[in-house]
Amino acid sequence: MTTATQAAQPSAPVSEDEPRVLDPGLAPSDRVFHSVARSIGVFVLVLTGSIGLFLGYQAIPTLHRYGLSFFTQSQWEPERDVIGISAVLLGTFEVALVALVVAFPLAVALALYISEYAPPRLKSTCVSLVDLMAAVPSIVYGLWGFFLLQPNAIFLSRWLSQYLGFLPIFKVDTDPNAAVWAQSRYTASAFIAGLAVAMMVLPLACAVMRGVFAQAPIGEREAAYALGATRWGMIRAVVLPFGRGGIIGGTMLGLGRALGETVAVLLIISPAFDIKFRILEVGTQTTSALIAGRFGEATSSQLSALLTAGFVLFVITLGVNTVAAIFVGRSRSGATTEI
Amino acid sequence: MATITKPPVTAPPGAPTATPPNQVADRPRPMRTRTLDEWTSLGGALLGSVALVWLVFEKILAWSGTLGFLVCWYIAFLALFAAVTSMGNPRPVVVDRLAAAAIHASALLVLFALGSTIIYTILKGFPALLHLNFFTQDMAGVGPDAPLTKGGVLHAIAGTLVEVAIAVVISLPLGIGTAVYMTEVGGRLSKTVRTVVEAMTALPDILAGLFIYTTLIVAFGFPRTGLAAALALAVTMIPIIARSAEVVLRVVPGGLREAGLALGASQWQTVRRVVLPTAKSGLATALILGIARAVGETAPVLITSGASTFLNVNPLNDPMNSLPLFIYTSVRSGQPQAIVRGFGAATLLLGLVFVLFIATRFLARQRVGRR
């Protein structure tokens, strides 16, 4: 390096020192890079944003025409010009709630098992299994729910309605104690669809919770043990409070997924447009299953009504996911812990 | 405690350092292992509850159903386990053991559910997979009740591959380009892009299909083709790929970027030669996650592509079938043969997802920075 400059110096004419320009601006190649990257970003922004705007725009004529009755009417009979989503929304929430009630304790327990109880050698296998569970296509869970789960779950349904039938949600409109009980009254219900959806919610919620539980500060864990806590005592005193944000956030993410799930629900339920809280009884309807079932024969105004139902669903899932993101973001991060 | 009750004066002068006979040396509490007491109460409670529930459930009350039996058994087990443990242990230990039992049982239950899903699908689909024509023929002219020696899912496999390939070609550059824009270029607008992209991951998959259906097929009058399905898949994939790619690019150490710039490289050169190669395996993971999601998507395909029974590899003309759609239509037809075919296709789909999944694991294991 030095020899080269020394050899070059005598031949080259000595010029005045020029200060380097410290902010030369962007090189031409970078200018191209920036504009290309920005245009891609803007394109994706426009594309994805336009979906939301499009759905909202399509909803205007329907909402204008049916007004508030769109939200209060339960029947969906376009041929009679009676359209409403109250029963559909109720069904959507029933399926999602069943899924959450089943998936939430299992997800918390599985996340705790992976982060606290599993032997170290099994841990990475367990994480892979949960990821695999998330990757299984929803139609496969639909098949599982319809062919394997349903014939078994109707016994549970009947049992619940026999002994808890005095609660309105567990009531089924048939005699559960009859010698030949009406099995078909217990099939294709929101309960069974919810069980299948729980299989999709569970890995999603579990992955978020496990990530947060694993970050629970080691110093506080050791402190709890040093004070004589049992393992469960440590979990209750350290891991669960630390992971509260992750638990809520993961559950909300799962709820968002459960509300939008289509094909597994479509396979299991038989459509019914009644406002009913009897989740064990045959027949219910969810928003996405309604869209998948009705888009084919829809005229343009009916399509607009379906799009409106979809828009309402989108607004709900968007709200749920936003709340989830806030909770996950607010959860105490490992950076603030003292060791 | 013991040393206080026994004054040290009485200790024999010959052995001043020896511990008094009744003082136990400190031993750490076993946190990970189980004592004999725990094992025996566990085993006893398991056996006792099986016997009890069998007697009550099957013999006295004459209920039926495997699921109900298991539920009752588990509740009886927890009660017995708590009762046995509380005979010789304080309350925190009882709670600890019950919690451990509940957590282990939940993990086993989830494992059982996942295992039963996969094994049941494979077992039901196995008869279809035994015939070679299942892989080499399509369903043209084959009724849903035709024997398994006729017809196959070649058209669905081809359709899935074509649709996913087009969706990847569209969504990969857009997704990674968006991620590069959000992490490397930045600026005010990038925050808006990030917010909207994150919001769009909440889009229920069926709405992506409905969007393409309403705009492309109803408004512009295109027929239902593989291209429409691929576009719907791309719409669902772009936010997924963009978000996970952004996470990967964000963890590339800033020092590497600065080193590249300090060597006189332009930002584009730094991104192309340093940042993207460093994050290569993570980006591949993001892509494969997106593909795995798209391969299994049924709802958008159901709306946009139309189900053909014949082999069609041209995405611009004619309807095109795909594996999830084939599964859905076969199972819905209700014919036993068609259901077996549907399960066979589901096994293929699971295998495809599994291969992608293994590839993800393999790529994720490669360390960042080795290129």
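Biologist: Before we look at this predicted model, what are the axes of helices, and which angles can they make?
Modeller: Axes are lines fitted to C-alpha atoms, for helices over the stretch in contact. Taken between N-to-C directions, their angles run from 0 to 180 degrees.

Biologist: At roughly what angle do the axes of helix α4 of chain A and helix α4 of chain B cross?
Modeller: Here α4 of chain A covers residues 86-117, and α4 of chain B covers residues 91-129. Their axes come within 8 Å, and the crossing is at roughly 105°.

Biologist: Is α4(A) then roughly parallel or roughly perpendicular to α4(B)?
Modeller: Angles of 65 to 115 degrees count as roughly perpendicular. The crossing is at roughly 105°, so α4(A) and α4(B) are roughly perpendicular.

Biologist: How many charged residues does the contact of α4(A) with α4(B) have?
Modeller: Among the residues making the contact are Leu106(A) and Tyr113(A) of α4(A), together with Ile103(B) and His104(B) of α4(B). By class, 13 are nonpolar and two are polar, while the number of charged residues is none.

Biologist: Which helix gives the most to the side of chain A that touches chain B?
Modeller: Across the two chains, 70 residues of chain A are in contact with 76 of chain B. That side of chain A has 49 nonpolar, 18 polar and three charged residues. With 16 residues, the top contributor is helix α2.

Biologist: Is Ser184(A) buried or exposed?
Modeller: Ser184(A) sits in the loop between α6 and α7 of chain A. A residue with 12 or fewer other C-beta atoms within 10 Å counts as exposed. Ser184(A) has 11, so Ser184(A) is exposed.

Methods
Residues numbered from 1 in each chain as written. Chains lettered and ligands numbered in written order. Predicted model: local features only at pLDDT ≥ 70, side-chain atom pairs only at ≥ 80, totals over all residues. Helix = DSSP H or I, 4+ residues; strand = E, 2+ residues; numbered from the N terminus. Parallel < 35°, antiparallel > 145°, perpendicular 65-115°, else oblique. Contact = placed C-beta atoms within 7 Å. Nonpolar A, V, L, I, M, F, W, Y, C, P; charged D, E, K, R; others polar. Buried ≥ 20, exposed ≤ 12 C-beta atoms within 10 Å, placed from the backbone.
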